[in-house]
Amino acid sequence: MMQTLASRIAPHHPAAVRAQAGASSGRACIGGRGGIILRTAVLSCVRRVSSRGVAPAAAAARPGPPRAVSPSSVAEQPLSDTVYENTGQLQLLHETYTEGAEAWTGNEISDSPISTEQLIGSTPLLDLSAYSLNPTVKIMAKCEYLNPSGSIKDRIAQHIVTQAIASGNLRPGMTVVAATSGNTGAAIAMACALRGYDYIVITNEKTSKEKVDAMRAYGGEVVVSPSGVAPDHPDHYQNIENRLCAENPGTYYGVDQYNNPFNADAYFATLGPEIWRQSRGGVTHFVAGGSTGGTVTGTARFLKGVNPDIKAVMSDPVGSVFWDYFVNGVPEDEVVAGKGWETEGVGKDSIPGCLDINLVDGMVRGTDEEAFGMCREVASNDGLLIGGSSGLNLHASRVLSGEVADGSVIVTVLCDNGVKYLSKIYNNEWLESKGMSGAAEMNGAADAAALSAAGQAAGEIYWRPQLAECAKVAAAKVAAASAVEGDNLWSEASTESELQFLSKLAPKLVDYHRESIGGEARVHSRLQSPEELAKTFAAAGAPLGLAEGAEGVDMTTLTAAVQAVMDNSVRSSHPLFLNQLYSGVDPIALAGEWLASALNANVHTFEVAPVLTEIEKAVLAKTARMWLTPGSQGPAPAHDGLIVPGGSLANMYSLLLARDRIEPEARQAGSKMNLVAFCSEQSHYSYRKSAMTLGLGMDNMVTVACDESGAMLAEELEKAVILAKARGQVPFYVGTTAGSTVLGAFDDFDGCAGVCSAHDMWMHVDGAWGGAAALSPARRHHLKGFEKADSFCWNPHKMLGLPLQCSIFVTKQPGALAKANAAQADYLFQPDKNNAGADLGDRSIQCGRKADSLKIWLAWKHRGDTGWSDLVDRSFGLAEAVEGFVRARAAEDGSFVLAAPAQCANVGFWYVPPRLRPFNPATATAQQLTEIGFVAPKLKDRMQRTGDAMIGFQPIDSMNLPNFFRLVLPNPRHLSQDMLRDMMARMDDLGKDL
């Protein structure tokens, strides 16, 4: 038995602990300053697996009972010479502290009789690593409850009283007065009893009955003051000490433990060296709560003196002022304690003078229930009764263990014995009366919600900013090093799980599309504000925010996130999604989108995307024939082009080429000419944005007047050009429109081409919307003269219903794009590599480009020219049908009035509520026009909230047209005349009371 005990007790500092007694005695003498007689059975408690729901996973497998650190686990070694050289102050303090006892030489001490004072300190270091959240991180605890009065405070009581006597401040016949939360009172009482002094200790009502009785047991007076009073209240227990000493000068000696420098000195002289020696210098983190601040200050001062890298972490109960002082930077004279806490001997309502906050590196705040739950857990699992502050320290150590680096050694203190709290912490009725039944069940996290509401998440650690940054850098280096280990970054099981996720997701996406085109689902699932969406996603377990440092979620959560996205999005493939110039998605083109994403190829060089490069060239050639030589079976006409991310960029490319033609020097030196460009007043805003982006300035993109249909007037263009020349400007570009955004108008391409030819200007046709008319023999006439332009663009993702984005830009000028844009990046476009001439990337202003051509190529293969022609004819024809419905309703009851006739696949109309009928825009008063302008926004809101059709609305101030519904019909493959007629009837039902 003696051998077993010796293998479980660490050598202690100041004197090594040794088992000295014979086996026959049934006792072992552990050498210290005089030694401590302990029955070997004290450290032979029976272990059982934790029943707490949040106990560490390692608890079930941890070996043996709680044990003091074994000398066999580390090599025997003395304190290094460096320690002695850096601790001259320690030598002086310790000589005073030991008061004649055998000096701390590490020599073994015999088991001869000892004094009570010699029982103070040299407490065992207990291994509680079973509570660590990281199996590589150790948690050690100093058993301070083994001090003779039952707490860590014996250390300071011994030192403070000794120093007071030595300095003459405490003389025979005087009375010692001490304000205390309990443990210091008992320790002072013991120290006074040993020296023959009377004492008065003042505590408050929160102190347990057991501790109050212990303070009285040494024969002195105990004053119990009210609990929860303000620090400046005369009945605050510290103020009572001050008052008694002031009223009795020369006869009362005030301990003033909260401001007495000998408080921290005691820990510097004893506890710090003991921890260093017992941990063999391996301690990396010291955890202690604060009340006076002496424990953390003195111990941290010593430990940082021998190793500056050791971190000191304070545990603090919710309500204490230390958190606001350290974390939130509240000044010392402005801190205010929160709601009272029940954990005794830790936390404070003011900042004590003993605390040197500069020695504190981090802080963990915990609740009473967490602290008491830990006490009950340790009692149940480890056979140890510890006090509430000990439970809080161990809780903080557990939290810390999940944050620190592998291999760390955390040392904390078990401040006092749980016997002092039998009526509280270990009394279920008392716990329930305080609303902490979770602690009785060894579940200290039960009130985490309350902690979170107070602004502090349970288990969160706050580090000093500079320390936290250093820790992040160190952790990043460790993570970076580990990232290159092994054959794969993630396991094969993880990869297989992700592939299974894809396999299960694909059918769901197909079903979603099927439901959308069926028309039975709501167009807009739920009309929600951004704030409401955030709540919806949080409730689904998939918050919209991406938290810093967040861990990855599992596939179940990802599936929930995908479902939440689908459930709360607009179904743009619904037949009645008529809000934008795109709608639906061609299934074959969607397959091309998926294929392009799976290939994940970048169409900048032929060598990485050979097939996709040639497919893009094929699409560009087809577009050039559609534009310039429709029906031709021969080779494509001379051209250049690119698939670009949107019609806006296509328009910008045309402006860029036009500038390069007239001022090629601008590529290197910037533009020196006073250039001016022109576009229709009904054209897309991207013309003006392009002028801004290219440095021309939006003022130099001049808008030209239109006729009543919204088409640019060639004669007005001529006037604008002549006027610009008269101002000394250089006209160089005209941007025309095929199918304007609002009215669907087609400009006079023949007339505009004549003006451009006469003034040597580049002409571009923005056919993003209406350019698809070129696919239909019946509708191509709208584009008469567009083949005279220098460049042309169209967006198959609009009228043809290809997945966003798919936009095509072509020009008649071969090589123009490379001439204007090439940067000849030598890491990509090496002239001596294979097939160098096949690269497309240097034509573009981008580097990387998606393989959008695959979508239109695959769909065109399936639909053929006839399929696209039919789709365009359906779009135009349905718009004309709606115009007929509107005219019929206008004649029938005045419920609908035409605002703009069908052009391209657009038609504009007003819904007129009964109270505003009849409405005639030509004769309407200003008041009538104002009132009709309010109708469209309100009716659209009602339609969205019911999940009905989505239709855009728009005013045209230049034409004196207040808000009207702009109905557009892209990709109407699942839309019919009957559906549109029924929709108008529902609009009438919803809007009659407007």
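**Exercise 1. Find which strand β17 pairs with in the parallel sense over four bridges, and trace the path between them.**

Step 1. In this predicted model, β17 and strand β18 (residues 701-704) are parallel partners joined by four bridges. Strands here are DSSP runs of E with at least two residues, helices are runs of H or I with at least four, and both are numbered from the N terminus. Two strands pair if DSSP finds at least two bridges between them.

Step 2. For a residue pair to click on, take cysteine 679, whose bridge partner in β18 is threonine 703.

Step 3. Now follow the chain: from β17 it passes through helix α25 (residues 686-693) to β18, a right-handed β-α-β crossover. Right-handed means that, with the strands pointing away from you, the path from the first strand over the helix to the second runs clockwise.

A word on the ground rules: residues are numbered from 1 along each chain as its sequence is written, and side-chain values use heavy atoms, leaving out hydrogens and water. As the model is predicted, local features need pLDDT of at least 70 and side-chain atom pairs count only at pLDDT 80 or more, while totals for chains, interfaces and linings use all residues.

**Exercise 2. Work out how β19 is paired, and why it is largely enclosed.**

Step 1. Strand β17 (residues 675-680) pairs with β19 in the parallel sense over five bridges; leucine 675 stands opposite valine 730 in β19.

Step 2. Five bridges also join β19 to strand β20 (residues 762-767), again running parallel. Here threonine 737 has aspartate 766 in β20 as its bridge partner. The chain gets from β19 to β20 through helix α27 (residues 749-758), and this β-α-β crossover is right-handed.

Step 3. Count the buried residues (under 20% relative accessible area, 1.4 Å probe, protein chains only). Seven of the eight residues of β19 (residues 730-737) are buried, so the rest of the structure largely encloses this strand.

**Exercise 3. Check the length of helix α18, then say what its buried residues pack against.**

Step 1. The expected span is 1.5 Å times one less than the number of residues. Helix α18 (residues 492-518) has 27 residues and should therefore span 39 Å; its end C-alpha atoms lie 40 Å apart, which agrees.

Step 2. Its buried residues are Phe501, Leu505, Tyr512, His513 and Ser516. Residues three or four places apart point the same way, because an α-helix has 3.6 residues a turn.

Step 3. These buried residues pack against α20 (555-567) and α21 (587-599). Just after α18, glycine 519 takes a positive phi of about 85°.

Note on methods. Buried means under 20% relative accessible area, exposed over 50%, partly exposed in between (1.4 Å probe, protein chains only). Contact means heavy atoms within 4.5 Å.
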